[in-house]
Amino acid sequence: MGSITESIAGNIEDQLQQQVLAARQSSTPLAICGGNSKTFYGREIVGQPINVAQHSGIIDYHPTELVITARAGTPLREIMALLEKNNQMLGFEPPLFSDSATLGGAIASGLSGPSRPFSGPVNHFVLGVTVLSGRGEVLRFGGQVIKNVAGFDVSRLLVGSLGCLGILLEISLKVVPKPATELTIVLHHADADAAIVSMNTLAGKPVPISAAAWVAGKTRIRLSGSKAGVTAARRAIGGKVDAEGAAFWSGIREQTHGFFKVDRPGNRPSKQSGKQLSQPLLLRSSVAPATKMFCQNKCQLIDWGGGLRWYSCTERDDNRDSSVQEFEDAVKSARGYVTRFRNGDRKSEVFAPLPDMILKFHQRLKNQFDPDGILNPGRMYRAL
Amino acid sequence: MMNTDQLVQLFRQAVPAQSIISEKTSLRVYESDGLSAYRQPPRLVVLPTSIAQVQDVLAICQQHAIPVVSRGAGTGLSGGALPHKDGIVVSLAKMNQMLAVDPLNRIAKVQSGMRNLAISEAVESLGLYYAPDPSSQIACTIGGNVAENAGGVHCLKYGLTLHNVVSLKMATMEGDLIDIGANCLDWPGFDLLSLMIGSEGMLGIVVEVTVKLLPIPECAKVIMGIFDSVKNAGDSVAGIIGNGIIPAGIEMMDNLAIRAAEDFVGAGYPVTAKAMLLCELDGTETETDDQIRQVETLFRDNGAIDTRVAKDEQERALFWSGRKAAFPAMGRISPDYYCIDGTIPRRSLGHVLTEINNLSEKYQLRVANVFHAGDGNLHPLILYDANVPGELNKTEELGSKILQLCIDVGGTITGEHGVGVEKIGEMCIQFSDHEREQFHRIRHCFDPKSLLNPGKAIPSLARCAEHNAMHVHHGQLPFPQLERF
């Protein structure tokens with residue numbers, strides 16, 4: 001089934017292993033890449049590229065088992081197309097950001113789409129991995145079955161670790177059936193707080209919600225499930241059906257929705273100087289979903305039923321720092337976390353700082369998986 | 001080594017006298033968990049009532065290199081809470097309160113000794129519940145569920161403990177009190193939460209757990225499918241899932257299990273059937289009715305000889321009563337039984353059950369099978385008599401063969417009960433030396449002196465060298481009189 005043969009895959013695996021062992025010898029940092037669709041994410045690092053994209057191919061897929069296993073370099077598009085043919089899908093709706101996006105990149109970045117609050121994040125769907133550690137060892141953790149509690153859950157530890165612990169080689173995922181019916185309804189909430197209460201109240205009711213977002217005065221609720229269930233929920237919630245619902249959700253997942261567009265008044269080249277201004281800094285904040293709206297003065301898109309607040313800071317350079325600081329302080333007071341998701345200074349820290357006690361365990365784990373610190377050093381935090 | 005009085009004095013620095021058990025007879029209560037074949041009284045049991053006390057107890061253990069086994073309700077089935085002969089047991093039983101409920105965010109913060117079912121009972125009036133429902137849910141604690149990543153009959157649709165816990169507060173051996181995870185939907189850094197869940201008490205002692213609460217489904221219905229072959233029942237499960245239906249629960253029982261359960265509770269089970277499926281669907285009333293009809297058709301298309309839909313809530317409870325009583329029912333037809341917990345790809349079910357039958361004949365031990373059919377988690381119950389010399393060893397050997405079979409078809413040695421002491425030998429088959437070494441390294445990050453639950457879950461390299469050599473060269477365990485951990 002795979003796009004390369006077993007023996008070629010074996011050779012690629014050997015080459016990757018040799019590269020890691022050689023890098024260990026010479027203490028050369030490696031920068032892991034797949035489809036280069038998420039190079040903007042995390043901190044900027046310098047390292048010798050190690051390319052996993054060619055380690056590609058679906059290894060095993062039995063639709064009635066709800067499990068798929070593929071090599072890390074497999075394009076997500078290829079996996080999604082095969083699942084689609086079998087009326088199944090990836091339950092965590094990963095953002096692609098480019099057609100070249102690979103499975104390995106989706107797992108290593110750990111980013112989940114709009115369905116996250118309702119069907120779970122990436123790591124809830126990962127069943128097992130084969131990983132090449134910084135020691136140059138090929139290790140298998142987890143498995144290809146839905147229930148498995150043998151050994152520590154290393155496969156999920158690797159989800160979202162940005163390649164700092166190991167190079168993913170193969171991944172087994174739980175997949176889900178596509179819903180029989182799906183529709184999006186629109187409710188008008190000029191006030192974000194009304195939207196937040198509405199989305200969270202609905203999420204506490206037995207209705208088949210699969211996504212909930214608010215932007216520019218409109219709350220959109222996606223319902224997915226059996227025809228009977230969706231119809232009943234649609235009637236109970238009210239609102240109008242959004243004919244462009246599917247496009248809306250893919251737009252906020254892929255950040256092609258107008259909110260994320262670069263071309264906004266503040267970003268156009270300055271007429272006076274003709275100089276291209278820097279791209280807007282996109283901030284992503286994760287908070288408890290029912291958290292009241294903060295920084296009302298800043299234009300935000302709310303996803304994950306309130307749990308994710310996006311703020312695209314289009315301020316000019318001199319105002320940018322104070323504006324970002326204000327947003328970060330507000331999120332911190334709400335006991336949430338801000339990520340400098342896209343653009344801005346990628347050499348400084350981009351993820352919210354870890355408490356010292358937690359950082360200590362991160363450093364120890366990094367040291368146990370990658371004692372020479374050669375795998376994506378600094379991609380997540382300078383100290384890792 | 002300190003005598004008992006000295007040890008009591010030492011822990012009196014951390015907890016009051018009434019929180020220490022040192023009497024020999026009282027310690028017997030703690031000598032085993034749900035896997036009673038393994039017994040070992042601890043030197044002391046300490047029952048802290050606060051986080052500070054837990055931290056103080058751990059500090060003493062760290063200072064004096066005293067092994068610590070944490071324990072919830074002791075219902076685990078793999079010997080994970082089996083005491084260490086030179087160590088203490090820390091029971092979280094007194095830390096059993098709900099600390100906060102946040103209905104709008106749909107989470108509840110509870111102490112780790114709170115019972116699983118008590119959480120759902122406490123939030124029922126809000127229309128919410130905690131989804132994972134291990135069969136011991138009336139007694140087991142959330143802390144124990146976290147240690148074992150407990151599942152239950154509804155986990156195909158609603159997930160395991162892992163999928164339903166958002167954060168933990170954990171005391172470490174080095175004296176830290178750390179928050180892992182968050183009330184947000186994600187947080188920066190590595191996914192330490194997944195690492196902790198299912199770590200069998202080897203990385204720290206969890207003192208608080210924040211769980212996700214789900215809305216109680218409007219309606220749940222159950223349909224029984226009766227089959228004259230296990231294969232047809234297995235095909236029906238594949239058919240249901242292939243048709244995009246994820247049941248709330250789908251359970252299979254084989255003939256011996258059906259008969260034993262029926263004798264025990266009189267649930268109206270078909271005693272001549274080769275296999276029976278119980279399939280529960282939930283959602284809105286119309287949705288559930290629709291799906292029940294679809295499942296009924298799929299059962300018949302796959303050769304069901306009969307189907308029955310529970311007509312009301314009372315009959316639904318009756319249908320489930322037999323399945324839920326399957327384990328105690330074995331106790332009526334056999335002096336002892338031993339529960340295996342392998343997981344297999346569902347498509348291998350026919351092959352695995354045939355092989356189990358062959359092994360059952362070879363070892364002259366009856367095996368009844370109950371099966372969480374949706375997620376491939378098989379519970380063969382080996383019936384034996386511990387009073388017959390050698391029969392327990394024969395049973396364990398048969399169990400080990402069944403687990404080997406699970407690995408051979410691409411499955412795993414434990415789906416939901418954990419490794420504990422029970423499956424420590426089989427860990428040597430499932431994982432390579434490098435992989436097990438990596439587990440030890442991870443453990444070392446959190447517990448450098450290896451004092452937390454020593455001897456459990458992750459076998460030493462030396463032990464595996466011995467285990468694998470025995471398996472490869474002889475095919476059966478020699479020296480059955482030796483302790484197995």
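Which residues does Leu365(A) touch, not counting residues up to four places away in sequence?

## Around Leu365(A)

This is a predicted model, so let's start with what packs against that leucine. Within chain A, Leu365(A) touches Leu157(A) and Leu165(A). On the chain B side, its contacts are Phe190(B), Leu192(B), Leu195(B), Ile442(B), Cys445(B) and Phe446(B).

## The nonpolar cores

Leu365(A) also stands out in the bigger picture: along with Ile107(A) and Phe446(B), it touches the most other members of the largest nonpolar core, which counts 171 residues. There's a second, separate core too, with 27 residues, including Phe11(B), Val15(B), Ile60(B) and Leu92(B). As a general backdrop, nonpolar side chains tend to be buried together in soluble globular proteins.

## One disulfide

Over all chains, you'll find one disulfide. It links Cys428(B) and Cys464(B), with an S to S distance of 2.0 Å. The link is left-handed, at -75 degrees about the S-S bond. Cys428(B) sits in helix H16 (residues 424-430) of chain B and Cys464(B) in helix H18 (residues 461-474) of chain B, so the bond ties together parts 36 residues apart in sequence. Both Cys428(B) and Cys464(B) are buried.

## Cysteines without a partner

Cys155(B) is in no disulfide: the nearest cysteine sulfur belongs to Cys140(B) and is 13 Å away. Cys155(B) is buried, at 6% relative accessible area.

Cys406(B) is in no disulfide either, and here the nearest cysteine sulfur, that of Cys339(B), is 12 Å off. Cys406(B) is buried as well, with a relative accessible area of 1%.

Terms used
Residues numbered from 1 in each chain as written. Chains lettered and ligands numbered in written order. Predicted model: local features only at pLDDT ≥ 70, side-chain atom pairs only at ≥ 80, totals over all residues. Heavy atoms only, no water. Core = buried A, V, L, I, M, F, W, Y, C linked by side-chain atoms within 4.5 Å. Buried < 20%, exposed > 50% of the residue type's maximum accessible area, 1.4 Å probe, protein only. Contact = heavy atoms within 4.5 Å. Disulfide = S-S within 2.5 Å. Helix = DSSP H or I, 4+ residues; strand = E, 2+ residues; numbered from the N terminus.
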